[in-house]
Amino acid sequence: EELCPDDPAAVTYEALVEAKRAVVRAIMKTASGILLDPELGAAQAITDGSLPSSAGLIVAVEASGYTVIVAKDGQTAITLAASDAPALILLDIMMPMINGYMVCEKIREFSTAPIIMLTALGETDDKVKGLDLGADDYITKPVSIKEVLARIHAALRRSRLGQSEYQ
């Protein structure tokens, strides 16, 4: 799909996604990768002083020293989780092709990486379903980037502690 130069927002978003894909393939083999759905925040703004799109979250996560892998849909998320073995997966439920619940369940078949669901679905049943399918944490939007980063750090800390117990 060709970018429309008359639409700076589309150019910025597409450029971000393409840059992530090119860079990630070259540098992703570290233990600090994060798989991130690009639609996070597109329908529901991340609030409390943060940018109303996933671009703000991506920048904040990268500024914290992590590599970000972007998946455009549920199937791509599963494929990237299998091929790149990220240390943590940040997952939306409302994704194209395969929803986040199914993605979480599929990833749990081959990965023990912490999964944090970040979604607009905030009913108790939604949260319980996500956690029962294998998510380690469940955050409802709107949410501050600062809180998301704190939960990412906590999940990675617990994951590292769990790994050292078994080594």
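Helices (H or I, at least four residues) and strands (E, at least two) are DSSP runs, numbered from the N terminus. The model shown in these views is predicted.

**View 1. Ala85 in the loop between α3 and β3.** Ala85 is not a glycine, yet its phi is positive, at about 45°. The residue sits in the loop that lies between helix α3 and strand β3.

**View 2. Packing of helix α3 with helix α4.** Two packed helices are described by the angle between their axes and the distance between the axes. For α3 (residues 74-84) and α4 (residues 100-108) the angle is about 20°, and the axes are 9 Å apart. Angles under 35 degrees count as roughly parallel, and α3 and α4 are therefore roughly parallel to each other. Their crossing is right-handed.

**View 3. Residues in the contact of α3 with α4.** From α3 come Gly74, Ala77, Ile78 and Ala81. They meet Val103, Lys106 and Ile107 of α4. By class, the residues of this contact are 5 nonpolar, 1 polar and 1 charged.

**View 4. The salt bridge of Asp92 with Lys141.** Side chains of opposite charge can pair when their charged atoms come close. In the bridge between Asp92 and Lys141, the closest N and O atoms are 3.5 Å apart. The pair joins distant parts of the chain, with the two positions 49 residues apart in numbering. Asp92 belongs to the loop between β3 (88-91) and α4, and Lys141 to the loop between β5 (137-140) and α6 (145-165). The count for the model comes to 4 salt bridges.

**View 5. The cis peptide bond from Lys141 to Pro142.** Lys141, the partner of Asp92 in the salt bridge, is followed by a peptide bond to Pro142 that is cis, with omega near 0°. Pro142 is in the loop between β5 and α6.

**View 6. Stretches of pLDDT under 50, beginning with residues 1-5.** The mean pLDDT of the protein is 73, and 64% of its residues reach 70 or more. Over residues 1-5 the pLDDT stays under 50, and the model has 5 contacts beyond four places in sequence for them. Residues 37-52 also have pLDDT below 50, and this stretch has 43 contacts in the model beyond near neighbours in sequence. Where pLDDT is low, the predicted coordinates should not be read in detail.

Technical notes
Residues are numbered from 1 along each chain as its sequence is written. This is a predicted model: local features need pLDDT of at least 70, side-chain atom pairs count only at pLDDT 80 or more; totals for chains, interfaces and linings use all residues. Side-chain values use heavy atoms; hydrogens and water are left out. Axes are lines fitted to C-alpha atoms, for helices over the stretch in contact, and angles run from 0 to 180 degrees between N-to-C directions. Angles under 35 degrees count as roughly parallel, over 145 as roughly antiparallel, 65 to 115 as roughly perpendicular and the rest as oblique. A crossing is left-handed if the near helix is turned anticlockwise from the far one by less than a right angle, and right-handed if clockwise. Contact means heavy atoms within 4.5 Å. Ala, Val, Leu, Ile, Met, Phe, Trp, Tyr, Cys and Pro count as nonpolar, Asp, Glu, Lys and Arg as charged, and the others, Gly among them, as polar. pLDDT is the predictor's confidence in each residue, from 0 to 100. A salt bridge is a side-chain nitrogen of Lys or Arg within 4 Å of a carboxyl oxygen of Asp or Glu.
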